[in-house]
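Trainee: I have a model open and would like to talk through the reasoning behind its descriptions. Could you take me through it?

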Amino acid sequence: MMGYRGQAARARRLRRFPALLGLSAVLAGLPGPAPAKTLVFCSEGNPESLDPAIVTTTTAMNVTWQMFNTLVEFAPGSTVIRPALAQSWSVSEDGRSYAFTLREGVRFHENARFRPSRALNADDVLFTFLRQWKPDHPFHGQGAPDGQGSQNGKAGGFAYFHDLGLADLIEAIDAPDPRTVRFRLKEPDATFLPNLAQAFASIHSAEYAATLAASGAKEALGREPIGTGPFTFAGYRPDVTVRYRAFEAYWRRPDAAEPGLAPIDGLVFSITPNPAVRLAKLKAGECHVMAFPATTDLDRIEADPDLTLAGKAELNVSYLALNTAKPPFDDVRVRRAVNLAIDRRAIVEGAYGAAGLVARGPLPPGLWATDAGLPEIAFDRAEAQRLLAEAGHREGFETDLWYPPVSRPYNPDGRRVADMIQADLARIGIRARLVTEPWSAYRAALYAGVPQTMLYGWTGDNGDPDNFLNVLLGCKAAAPGGANLARWCDPEYDALIQAARRTAAMPIRKALYAQGQAIVLREAPWAPLAHTVVHMALRRGVTGFRMDPLGRHLFEGVALRD
Amino acid sequence: MRVGRKILLVGGVPILIAAAIALAGWLLLAQEERARGGAVVAGQVDRVLALARMVRDDYVEARAADRAAHAERFLALTGEAGTGLDALKAYVRTAEQTARIASAKGALDRYVARMRAFIRVTRENDGLIAEMATRAGRLIDLADRARLRQQASNADLVRSLSEKVQRLSATRDVLAGINDMRATAAEIALDRARSDRAPPAEIARLREAARGLAAALRAQGRGREAGELEGLAAAEAGGAAPGLAEWGERLLKIDSSGQRTLHEEVAQLLTYAIEANETEQATQNIAVTTLRLGQRTADALVRRDAPAAEAMLAEGERLSAKAAALPISPLIQAEMIDAVDGWRKRLTTTIDGLRRQTEMLADMDGLAAAMSASAQNLNDVFIGDAERFGASIRQILLAGAAAGLLIGTLVALAVARAITTPLRQLQGDMIALAANPAGGLVSGLRRGDELGDIARATNFFVTEIARREQALRRAKDQADAALVELRQAQADLIRAEKLASLGQLVAGVAHEINTPLGLALTTATVVRDETRGFQATLASGQLSRARLTRYVERVQEGAALLCTNLARAADLVHGFKQVAVDRVSDEQRRFPLDTWLDELLASLKPLLRQGGHAVIRTCPPLTVDTNPGALAQVVTNCITNAVVHGFAPGRPGTIRVSVAEAGAGLIRLEIADDGRGIPPENLERIFDPFFTTARSRGSTGLGMHIVHNLVTAKLGGRIALTSRPGEGTCVRVEFPAAIGAAERPALAKVVG
């Protein structure tokens, strides 16, 4: 891309020669290279990886979404599936075979190590999925953040792929011709297609992987990513920036946000964990879009003529996970006591403000499977103390309480929520020690099952209840490295959830999920806390940015007015 | 022998000799001149080349902006040198010279090609240098923008910070209030536990604390919570439930965590502010460093100091690394790095260019020296040639001139004699012929030379003149005959026209008379029938008195009718008779114009009645002495024209005939219609004979011509016609009331 631009500029200069002569007096005023239009997004944290197959946080997914495409995708701002790298697909009668026809002429990015010799084909799709699926795949080792997958074994790598149960679901993947990829499933799965629209299913370049393998630099796959997306990777400095350049050969021509408005040339994620600092940068024009403004700042943002506030009720949940693999939280009475001791209203009032809604269960209210009849979870200290005494903790106990160091869409101020929970727990004798780590390490610790109690949350990736109830609470995800942070595996619950997944009939699924939700509340692996309206603040000149119910920040087609 | 040849002989011999000398001289002179010219050109080429070399040095030394002029000059000079070398080819005498020129030309071409390449490279380099300057400028601009943003941000940060600090202190107030209240409540609880009753002073303190906290909450805009507190405090003071403690606990939890968040925000904002300002400083530094580096590099490049420029390259690399490593605003970092990297890339190319330039200069110097040597050598060769040719010319000129002079004089004398003798003979013949053209031929017709030609030409001239004279005479006779015929034809036509108008008159008369005669006839018939009936009655003897009376009445009535109608017919005949007589006679008489006009118009009534046209006559009682026939024809023709041409078919028009005295003895007669008028293009030709627009309807085109002739010739007057399309036509005739010898000249003068 740069090469092309350089040539064009040279050609322009050559044509200008006659004009150049005798103009040295006004050289400074010469039209140099046109000022690049860079859009800066003040993001909330470091990505744990740049490899979409590995990432599990929306923070990192949003970093990879800019560079990658999936076979099918959710239309921005909705949960409607539409073609992406697969221009069409067909599903067999029995719901077990999926055949995808790939789009022609899709180009991969290039970088210093690699220049693609061909367009996207079935090899790339096979590479993407076989790598995550087959433990003996040459690139299966690059399956954990920072390439530590091999240490953690199978479960440590490709958490998402495994949490979704795809490793067991898929029977075979093959490519009858370069433009067709077929998946054969062991059983029908209603969530299969939406699952392929998630970040982990982003298509890598098999050719790039081969180039890296040949030069012994396999780990570059995740550090210097090559995708087909609207932006090419230009650099990542932890705690500072992720930089991108617009990909000129991108397969999709963006709909012009406004006629005559050129798309941006560059995109930068300016990593700024503190929302007050993010807002300061946004106001100063140092960034154009900021994630998750503090709830106390919303009014001021709305009043600022230079800024726009965008809000959307996301499909998300914020919860306190209780590690059932570690005592004393292996005792359901202790877990219930914790649930009863937390004053959720105070938390929502103090930390979430108007953007928050007290959670009554694991599912957000906007999801079709959410049991609308669930009562608010009781706040009852006396009962909590009774349950603790019953469990043999009359004097209370000490525990850790991990809180996220950065703003999350489901939790704008982890520390404050942790403070308040700490105070609540103290009242029933539980002495919680607050712990945190930088975001990537925090997430890694949680996935590794280190903490006893931890604040976390989830933004639905595909608008399907399975994405919450199975991915976050299913038995498959309970293994270390999985997203079931409570490490809770209830066979009865898991059976319900898996059954719901195998059927496409909505009423049946809804009934099964209602039962599942009741079990979650009874067994209390989590203390569900809140759901949120997620906010983004934008400068006035930003056009074409759409809020997404799945928490994606998509900058494809976004433009800047001067 | 012909005269021409003789003259040729006289002139020719010396000319031939002179020409031979001149030719030889000219050939040699040309050779000499060529050689000299060659020498001059070669010298010029040498000078031009030397100048070009200086100009090239100027070009190399000049500033980028001034180079174009030098480059142009250089190309012009080398172009001139090239033209000079091409021109030199024309002076070439030997193959060796040609080879020399070709080699010099080849060297020149190479030289120019090198220079063009050099100019190209220089332009590239200048462009690159300029672009580097632009890039450095852009960096400064970027840094400036960052600084401006930072300034705005600083102000904003100060606002944000002070706001946060304010909120922090308000929160602190709330927290202090809570703690105060909690402490008091705890004391009260203790007292209660001890004595089951709290001292009023402590309760008052609790109230005070609650009030303070409520005020702090209100100050933060938390009225709802303040209200809750006041309710709870009142209940607590009354010794009620421990709601206040629980409430305070909750508030403490919310606000203490909020305070911590605020602390964190303030700390982070401060850190950011410091970082941002440091970053901005660093950004400025990079921009300034780049600019300085750019200037130093440009200096090095102007000095053509490649190693120094290369050192800058390394410095640029360090700068780029620094820009990448510093936490520069992401808005401009990529651009800064791009700018520095682009600058370095350009610089690498530029240094290459510089090296190439230096090589080119050396190469060009070599070529220039070779060319200069060639040019000087050529100069020498040509000068040597020129001098040799000069010597030969001088010798040939001297010998040739003497011989030519002698031979020329002798031949001239002989020839002069042979020409003058026959010329004198011819002169005599010509004089004789002028006196008597029929006197025969000139002598010397048989001579073959120019004098014979002159004699034959003279002879031909004389006979030809006689023939032409005869032809002219014949043509004149024919023209005269044709003119007579033409006049006859015209007179015939005019007579025919006159007869036609007479016919028209007769037709009119017949028509007019027809009515009274018809009535008379009918009446007569009735009287006859009545008489027959009366006679029968009388014969049968049944005649009654009444019948007799009725018969007499009837006859009387009939007789009266007969008298009236016949008198009318007689009147008409009388009137027409005069008109008709006037028409055919050409005599002048004295008559009353008004009655005459009435009669004339009466004769025209049938013509007018056909189209329903009206005639309005205005005529004072006047007596004129003129030609009534001519006047009648004039009026008739004008009215006929108005009826036939002036009025559109089916549209009745009005014709005004007005007569007035126009000065002493002059009558003005105007005949005006309100018809279609005459198109302007026809107006000029209206009096031309045979001009008509209605030939298809039998019009001869003589009417107005006759009118014109009659007015001017017979009436001694003048005529004018005015017309505008759509507004009608007016014919104005002015004629003397009495045609006398006295008025005619005056009138003619006026007409003229």
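Mentor: Happily! This is a predicted model, and pLDDT is the predictor's confidence in each residue, from 0 to 100. On that scale, chain A averages 85, and 90% of its residues score at least 70.

Trainee: Which stretch of chain A has a pLDDT below 50 and 34 contacts beyond near neighbours in sequence?

Mentor: That is residues 1-33 of chain A. Residues 146-156 of chain A also stay under 50, and for them the model has 22 contacts beyond four places in sequence.

Trainee: Why are α2(B) and α3(B) called roughly antiparallel?

Mentor: Their axes cross at roughly 170°. Angles over 145 degrees count as roughly antiparallel, so the name fits α2(B) and α3(B). The two axes also come within 10 Å.

Trainee: What makes up the contact of α2(B) with α3(B), by class?

Mentor: It has 14 nonpolar, three polar and four charged residues. Among them are Phe74(B) and Leu85(B) of α2(B), and Leu108(B), Met115(B) and Asp126(B) of α3(B).

Trainee: Now the two chains: how many residues does each give to the contact?

Mentor: Chain B gives 39 residues and chain A gives 39 residues. On the side of chain B that touches chain A, the elements giving two or more residues are α2 (64-89), α3 (95-195), α6 (243-302) and α8 (330-435).

Trainee: Which element gives the most there?

Mentor: α3(B), with 16 residues. By class, that side of chain B has 14 nonpolar, ten polar and 15 charged residues.

Note on methods: Residues numbered from 1 in each chain as written. Chains lettered and ligands numbered in written order. Predicted model: local features only at pLDDT ≥ 70, side-chain atom pairs only at ≥ 80, totals over all residues. Contact = placed C-beta atoms within 7 Å. Helix = DSSP H or I, 4+ residues; strand = E, 2+ residues; numbered from the N terminus. Nonpolar A, V, L, I, M, F, W, Y, C, P; charged D, E, K, R; others polar. Axes fitted to C-alpha atoms, helices over the stretch in contact; angles between N-to-C directions. Parallel < 35°, antiparallel > 145°, perpendicular 65-115°, else oblique.
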